[in-house]
Amino acid sequence: MAVSRSGEAGVAAGDTADADRARLHQLGYKQELKRGLSLMSNFAFSFSIISVMAGVTTTYNGGLRYGGPASMTLGWLVVAAFNGCVALSMAEICSAYPTSGGLYYWSAKLAGKKWAPLASWVTGWFNIVGQWATTTSTDFSLAQLVQVIVLLGTGGANGGGYMASKYVVLAIHGFFLILHGLINSLPIRWLSWFGKLGAFWNTAGAFTLVILIPTVAKERASTKFIFRHFNDDNGMGVHGKAYILALGLLTSQYSLLGYDTSAHMIEETKNADWSGPMGIITSVALSTTFGWIFLVSLTSIVTDIPYLLDPANDAGGYAVAQALYTAFDRRYGSGVGGLVCVGIVAVGIFFAGAMCIASNSRMGYAFSRDRAMPFSHVWQRVSKNEVPLNVVWLSAAVAFIMAFTSLGSLVAFQAMVSISTLGQYIAYALPIFFRVTTARKSFVPGPFHLGRYGLFIGWAAVLWVAFLTVLFSLPVAYPVAQDNLNYTPVAVGGVLLLSLAAWVLNARFWFKGPITNVDS
């Protein structure tokens, strides 16, 4: 693998800014957003949005029910290897095309002139709908966790504790979206500060919990249980260990999502063609490492799976909250310490939600700049603080509307949320696919490149996402019934069909891919 960087270490800040502006001009765009982010800031945005504490905690119930401890702890290592290939391939392309459009712009440049408009259109819509779904799932998960904290803090489900209705949870979700919209309305220097604070919190929080959890617990699971136990007695009719292991991959895959943020923030990042790729790689590498350690530590206090998943327990069936509450209660006679631990995770999710809106808004700004969204002239506007303010609030509004599916049924909501994982990874894989096929010989790398390993790593990434697409569409329980039907293929297929229908009926007549907005 080869890496290089343009310029010298001692290059003046003004020269770097000029180089970034000139490179963006070459790619066809004016410099409209303020470049105020360093490599550290760019990394912090992706690291905060990945937020392994949030990802592991909010998907732990599913991983425990459908897979069990071994499927999560061992599955994480499998996901880490292939997800690393996706991240490396994205970083290489990001270095070559440092624009906020990211994935859809890359597809346009790599698919070839004939297919560029369609490739860009489909990639862009998978990306932005996936991002909206990610924002929805992140802030809704935060609302659910706050509800569980209140429930346990007021006595628990079996002690007269307050159980919020689905309407109250939706209102809490909306409240957090408003806060995140306000944060993202601030100038980039303040948003950068929130990103760094989020990165610090997720690092310090995970480190604290990794030490605290096994220290406090009186009863700890054995190493054999953590790494070899599959939950084949889950009432779901799935007994094959290979299938159970595969189903448990969702927790790991969802937890390592969102690192395209480094690409979407790249027009606000200094030394963009190097800092952006490094932001992707370092955020994924550190999140993968910290996440696995956190997952193993958390699983060490899982000793009674049926009880933790039982809706009749004090946490209403929220496994992580119940496990932490029980561990502290058995040690100290009070579960307050467990609530503090859950609170640490909740704050991490809060920062992740703020960074979701940041990524959404930059993607929406770039997509509108290329006239791909309805009312693009509204969403591409930049405020006096050089912030795409209108699309910030569009992102918050769409995330609130998407959460209304939770009022119908959790099955419908989970189908929508599945787009956040699978939809996003399809958008990740499309430009990589074009990189290793149509652009195999014509691709011109940037300062960061994979050298002769680029094609091998790229194909590994594409095949991994193809495998995930099939895996996440399979039944999670047998026999298949209405209440356990996996609606993922319906939701993801819906995005594909709607984007293709819009293309055939309308967009193909006017959308030609990224639009140059600078003079020749």
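Buried here means under 20% relative accessible area, and both Arg362 and Glu268 fall in that class. Keep that cut-off in mind, because charged pairs with little exposure come up again below: Glu92, for one, is buried at 2%. This is a predicted model, and a search through the whole of it turns up four salt bridges. Three of them are walked through here, followed by a pair of surface patches and a couple of individual residues.

**Salt bridge between α4 and α20**

- Glu92 and Arg435 pair up through their side chains, with N to O at 3.3 Å.
- Glu92 sits in helix α4 (residues 69-96) and Arg435 in helix α20 (residues 410-436), so this bridge ties together parts that are 343 residues apart in sequence.
- Glu92 has a relative accessible area of 2%, so it counts as buried.
- Arg435 is buried as well, because its relative accessibility is 8% and the cut-off is under 20%.

**Salt bridges between α16 and the α12-α13 loop**

- Arg369 meets Glu267 in a salt bridge, and the N to O distance is 2.8 Å.
- Arg369 belongs to helix α16 (residues 336-369), while Glu267 is in the loop between α12 (261-264) and α13 (272-299), so the pair joins parts that lie 102 residues apart in sequence.
- How exposed or buried is Arg369? At 3% relative accessibility, Arg369 is buried.
- Its partner Glu267 is buried too, with a relative accessible area of 0%.
- Arg362 bridges to Glu268, and their closest N and O atoms are 2.9 Å apart.
- That pair also links distant parts of the chain, with Arg362 in helix α16 and Glu268 in the loop between α12 and α13, 94 residues apart.

**Surface patches**

- On the charged side of things, Lys34, Arg189, Lys196 and Lys270 form a positive surface patch.
- One of these, Arg189, is in helix α8 (residues 188-216).
- Arg189 counts as exposed because its relative accessibility is 58%, and exposed means over 50%.
- Which residues make the nonpolar surface patch of about 280 Å²? Ile178, Leu182 and Trp393 do.
- Trp393 comes from helix α18.
- With a relative accessible area of 32%, Trp393 is partly exposed.

**Asn390 in α18**

- Asn390 is found in helix α18 (residues 389-402), the helix that also holds Trp393.
- Asn390 is partly exposed, at 28% relative accessibility.
- Leaving aside residues up to four places away in sequence, Asn390 touches Val378, Trp379 and Arg381.
- Computed along the chain, Asn390 and Gly364 are 26 residues apart, and their C-alpha atoms are separated by 9.7 Å.

**Lys224 in α9**

- Lys224 has its place in helix α9 (residues 223-228).
- Is Lys224 buried or exposed? Lys224 is exposed, at 55% relative accessibility.
- Lys224 and Asn184 are 40 residues apart in sequence, and C-alpha to C-alpha they are 46 Å apart in space.

Key. Residues are numbered from 1 along each chain as its sequence is written. This is a predicted model: local features need pLDDT of at least 70, side-chain atom pairs count only at pLDDT 80 or more; totals for chains, interfaces and linings use all residues. Side-chain values use heavy atoms; hydrogens and water are left out. Patches are made of residues with over 30% relative accessible area and no salt bridge: like charges are joined within 9 Å, nonpolar side chains (Val, Leu, Ile, Met, Phe, Trp, Tyr) within 5 Å. Accessible areas come from the Shrake-Rupley method with a 1.4 Å probe; for residues, only the protein chains shown count as cover. Lys and Arg count as positive and Asp and Glu as negative; His and the chain ends are not counted. The place of a charge is taken as NZ of Lys, CZ of Arg, CG of Asp or CD of Glu. Helices (H or I, at least four residues) and strands (E, at least two) are DSSP runs, numbered from the N terminus. Buried means under 20% relative accessible area, exposed over 50%, partly exposed in between (1.4 Å probe, protein chains only). Contact means heavy atoms within 4.5 Å.
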